[in-house]
Structure formats: C-alpha cells, structure tokens
Number of protein chains: 2
Amino acid sequence: MPNNLGAKLKDVAVLAQVSVGTVSNVLNKPEQVSTDKRNRVLAAIDQLGFVRNESARSLRSGSSRSLGMLVLDVRNPFFTDVALGAEDVADAHKHSFILANSAENSVREQSYLDLFEQQRVQGILITPLGDVIERLEVMRSRGIPSVLVDRLASTGHFCSVSVDDTAGGRAAMEHLLSVGSTRPAFVGGPFTLQQVDDRYHGALAATEAAGVRLQLFETPNLKFERGRHIGDVINDLRPDTRPDGVFAANDQLALGLLQSFTENGLRVPEDIAIVGFDDIDFASQSSIPLTSIRQPRQLIGERAAELLFDEIDNELEHEHQQVVFMPELVVRRSSQRS
Amino acid sequence: MPNNLGAKLKDVAVLAQVSVGTVSNVLNKPEQVSTDKRNRVLAAIDQLGFVRNESARSLRSGSSRSLGMLVLDVRNPFFTDVALGAEDVADAHKHSFILANSAENSVREQSYLDLFEQQRVQGILITPLGDVIERLEVMRSRGIPSVLVDRLASTGHFCSVSVDDTAGGRAAMEHLLSVGSTRPAFVGGPFTLQQVDDRYHGALAATEAAGVRLQLFETPNLKFERGRHIGDVINDLRPDTRPDGVFAANDQLALGLLQSFTENGLRVPEDIAIVGFDDIDFASQSSIPLTSIRQPRQLIGERAAELLFDEIDNELEHEHQQVVFMPELVVRRSSQRS
DNA sequence: TCGTATTAATGAAACGATTCAAACAATCCA
DNA sequence: TGGATTGTTTGAATCGTTTCATTAATACGA
C-alpha cells in the first residue's frame, strides 16, 4: 500500500469548505482568490500536510516541469560545473533538473533519451556523443526541444553554447611560444571529438605562423592515465629532440603529464612547460599550479538553460542561436619561465 | 500546444485492433499475451512512434519509478562517485535517478525534500545536513523511506551506509607515527560534522596511545582554500615546533596544504608528511601523490541503494541495518620517508 | 431601480495510463 | 455432451490534478 496517508486536493477542499477548483487556484493563481478563502485553504493544507502530486499535475497539463541534462562524464568536474549553472537556471524557473551521465557510451545515451521522452521533460541540454542529432530533431517535432552544450551546432537547427576551441588552442600555443618554447608539442585525442580537433588546429595555426614544427602525441581518450603514459614516452626522448613545451587537450591529461614529469625528474616549467585546457579547480590546486585555458563553465550551463527556456516559452518567435564564448588564458606556474 | 503528435495507448489499440488493456499488458506483462496480438501491438507501437507517458503511469500506480538522492556537494568528486554507484543500482531496477545538491545549505535541503515528495519518489538517499531526521521519519510514515549515506544512523530507525571514520582517523595517524612523525597535527572542521569529529577522535586515540601530543588546526569547512591557508599558517611556525606530519580531514584540504608547502619550499614528505581522507582520484593524480584513507565510494552508493530497494520492496519484513565499511590506508609519496 | 460590467467560486470533464472483475475461448475429461 | 479448467482478452473505473464554461455575487452608472 503505497499511498498511506496522502491527503489530496479534495480533502483539503472539504476541510476548508470550498470547491476543489478554488484550492487549485490558491495553489496556482493565489491572487484571484479572496483573502478569506485563501487563508482557510492554506490552513487546511497545513493541517492535513497536503503535498501536491506532481504526476497528476503533469498528466493534466501535458508536460512535466522538468529539464533533462545529458553529459559525457559526470566524473569530469568540467561537466559538474556546467550542470550546476544549468541547474540554477532551472531552479529559478521552478523546474526540476534531471542530470544523467552517458559516460561516453552511446547505448546509455539513447536510453536516457528514452527516459526523458517518457518523462515528458520540457527540454533537453545535451553534449551529444553518438549520432543523435536526427533523433533530437524528431523529438523537437514532438515538442521536446534541445540545446547543444560544449558543442557548436553545425546545422542551424539547434541552439548551442560552446567555446571557441580553435582560438583557445591558438592562445595556448602562442603562450608557449612566447615563453620561449622552440620544440612545442600537442597531446590529445581522439580527433573524432570536435573539441580536440579544433584545439589542435588552433595550436597548429600558431606554430605555423611562427614557422615552428608542432609535434603530435595522439591519445585514445582524455583521461589522466593517458597523460601519464605520454609523459613517460616524452621523458624517454633524447633531451635535444624532447619537447620543451606541451599543450594538452584538457586538464586531466595535463595533470597526468605533470605527475610523470615530476616523478621522472623533469623540472616543470624549467625543462618543459605545460598548458592545459578547461581550468578545472584541480588545475589551480595542483602543487605546481597549471596554466590553462579557462572556459566559463557555469556560464555555459546558464546560457544553455536560458536558451532552452526561451525556446520552450516562445516556441514560435524563438530563433536558434550559436553562443560561442571566448576562452581565456590563465597563466600559472607550470609555464612561467621567468 | 505542448502535445503535438503524441500517440497514446488508445491509438495503438485501435491500429492493432485490440483493446487498450491488451496493449497495456504487452507493455507490462508480455508473457501473458498471445504471440499473434503481441506482434501486432509491437508493430503498431513502432509505426506510431508511441512513447509511454510516465506521469500517467505514476499517477495510476501511486508512485513514480524513481529515486532521489541528496548530497552535500556535487563538486566534491567523492559524492559524484557515490552517486554513480547508486545510479547503477537504480538503473538495474529500472528506476530513474534524480541527483540533487544541497550545497551544504539547509534551505536547499528542505526544498529538495519538498520536490522529492511532490514527485512521489519511491525512496531517498541522503547525506543529511540540517536537522532533518524528524522530517525523514514523517516522510517514511507517508510511504517514502530513506537511507542515510556517509553518516551512521544513530537511532535504529534508518538504514545507513557509512565508513568507520574513527578507525580511518586512527589508521591515518598511526601511519604518520610509524613513518617517524613526532609532532603530528590534525587539520579539519567544522566539528559539527560527525565525520570530522570521528576522524579527529580516531587520530587522537592513536597519539594518546603513543604518548604524543596532537596539534589541532580547526577549519570552518573542508575546502581547498582552507587547506592552503592553514598550510601558510603552519609554514610560519618555528621549525622546531612546526608539525612534521599532518592528517587532513579530507583530500581537498590535504591538496591545499600540499600546494602551500610546495610553494613555501617545505619539502613533502621530508620536512612534513601529509595524509588525506577519501582517496578521490585527484589524490593519486597530484604531482606528489597523496597518501589517503580510501573509502569504497561506488560501493557505498551501491549498498545504500540496495538497502533502499529492500525497504521499498519488502516494507514489512525489512529490518534496518547499519552498514559500516572499513576504510583502507593507501600509502603514496606524500608520506613516504624512506 | 434596472441592466451591465467585474470579480469570485464552482464542479464536471479532461489528461493517459493501469487494474481487475467479468466475458470469452479453447482444451480436457468423464 | 456437458462441465470444469485454464488461458486470453476486454473495457469501464480509477489515480489527483488542472481547466474552463457557468453561475453567483457584488459594484457601478444612468
């Protein structure tokens, strides 16, 4: 017996001696109920410990007051921060917020989209993984819009909020060159991730402009262990060919490199400078604080949620837009050669 | 117009030429429907792109197929990992999982409990913050049970899953003593958090047993910056009174200490050894890897969710239990004086 | 005083699934 | 052949809200 004592709207109505419609109005449009009755109703609600049944509300009104968000990896603090920003906005709109983790697995991605559809969420924030754009278009045609996060919408059919990864990559590399790196390298992968590809090409543009060769160390993913591994590889190179400055595609990789270098006795930044990307908290919290390219993480989440609400609220007038933030170079010790 | 094209159960029934009851059975008890009709129904579902309406299901059946989880701080990787474990279990039970962040703010805590109640979640996993036990008891009496996470249930009225913080604190301090620390210190706070208090008293027991004095540096919270600050304070002490071994109440504090010491030129572990607590990923990923007390993070989440499901499924026979995991000392460079 | 706005309150009809008692069909046995 | 048994299928009732067309009450101006 699931529903033990739950008082319902009708019980409240009886106790307060008004109709159910009035109780509903007290809840939803309190200003158009007379003070007298409103107080009676509120008292009754209090006395009975009445709690609205959200399922019934959603059923009747056709959609639930909730947003779904699907990220690539909740264990990456970058995404938790983006989610935090989005949640704030959802909160402000009195929507609940369902955070799901595709964990870079496209089966999970699909099944969470199923879930969101069943829940009739009002909209979806997603960092897409698999080939999911088509499905999102179908879902929108059925009334569930979505906004792409940390990913530029290539067709104009979606709003998106992202960061100019190419510019970020260029800034990172220009910085390395400016502190005197003559044998720079890029560490990252896979190149099927647009972000990685863009960051690399930004870096490449910088080295080409300076007439310097850019070494490439490709990784199968962006995790710490991979960074450590490449660090060991780099350490084994002959000192005169070994990179003297490394730009890693994200901070987790960069931290892996840093640990490997430290353990192997390479001095950072004297022997080799490091620049990461994302500027997660742990970048600045490392014992050798990491130079990084900062993305406005919370802001990305906030803007994305706002765009989504705009589409939800003004289905017709809404115009899709691509918000692209400029990332910011934050210089710390890992690249400071004074 | 929210509900554009949504086909409903009835539409499926018409197309498949069966009754709505049969369609519902195909969805819920497919084995008791004849193959013939089942196939017709499935084909119709496919053709119409029918998606179940979860609100309607929940309304009719009295509770939603979902679990709520309320953590102290989603930005702390410890909690994301616990949540990940719990989510897996929820998934396996085909329940959806709502993760909420009280952010150490008891107003938010209350309002998320409101939300969970409105959503009629089937149960709640919570790391309680404010004075919330009473409310949880009321909620249980109304059919929404909860399990305490990372917190021992002091009354026997709840299940709980936690770690023996006292033992962990003792192990941490015994380790520091064993590597030769003669002026050990504890860094952490506030002591209103049971976890902190227990870890401290564990450490104290170890020093008392060894006849050594334990210095205490109290902090208002467990964040990185506080660790950094205390690190600076410690650095300013006269070398002959300065601690030569520090046990921090969690890893974030420990990382803050580590950064401060490194910057100030104190050598870790030679001048001062550090031990943290939680063993988050970043502990091992630090450039000087951190010795820490490992909690089985995912497992904590899993066990908690399992206990919750047991209470949900066997309301009557269920017996509350307190699961207490033993933490594990993981020795790394930050405390290795060879 | 009467008609007309204006404002408040009502309550029956949805929303879209699940449930369950009853009807129906098929099979078996005496 | 009829009755009992087993297995499918049916469809009306139901969950707890919101919605909205009506009705009731009140105030206002002529």
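1. DNA strand C is surrounded by 22 residues in this predicted model. A:T22, A:S34, B:K8, B:L9 and B:S24 are the closest of them. Sorted by class, the surface near the strand consists of nine polar, seven nonpolar and six charged residues.

2. The backbone of the strand accounts for most of what faces the protein: 73% of the atoms of DNA strand C within 4 Å of the protein belong to sugar or phosphate. The rest of these atoms belong to bases.

3. Individual side chains can be picked out on both protein chains. In chain A, an N or O atom in the side chain of A:S34 is 2.6 Å from a phosphate oxygen of DNA strand C. A:R60 addresses a base instead, with a side-chain N or O atom 2.9 Å from a base nitrogen of the strand. In chain B, a polar side-chain atom of B:R57 lies 3.1 Å from a phosphate oxygen of DNA strand C.

4. Four elements give two or more residues to the surface near DNA strand C. They are α2 (20-28) and α4 (54-61) of chain A, and α2 (20-28) and α4 (54-61) of chain B.

5. A separate point concerns two helices of chain B. The axes of α6 (residues 106-119) and α7 (residues 133-141) of chain B come within 12 Å and cross at roughly 5°. Angles under 35 degrees count as roughly parallel, so α6(B) is roughly parallel to α7(B).

6. On the α6(B) side, the contact is made by B:Q110, B:L113, B:D114 and B:E117, and on the α7(B) side by B:R135, B:L136 and B:M139. These residues divide into three charged, three nonpolar and one polar.

Notes. Residues are numbered from 1 along each chain as its sequence is written. Chains are lettered from A and ligands numbered from 1 in the order in which they are written. This is a predicted model: local features need pLDDT of at least 70, side-chain atom pairs count only at pLDDT 80 or more; totals for chains, interfaces and linings use all residues. Side-chain values use heavy atoms; hydrogens and water are left out. Axes are lines fitted to C-alpha atoms, for helices over the stretch in contact, and angles run from 0 to 180 degrees between N-to-C directions. Angles under 35 degrees count as roughly parallel, over 145 as roughly antiparallel, 65 to 115 as roughly perpendicular and the rest as oblique. Contact means heavy atoms within 4.5 Å. Ala, Val, Leu, Ile, Met, Phe, Trp, Tyr, Cys and Pro count as nonpolar, Asp, Glu, Lys and Arg as charged, and the others, Gly among them, as polar. A residue is near a molecule or strand if one of its heavy atoms lies within 4 Å of it. A polar contact is a pair of N or O atoms within 3.5 Å; within protein, one must be able to donate a hydrogen and the other to accept it, and residues adjacent in sequence count only if both atoms are side-chain atoms.
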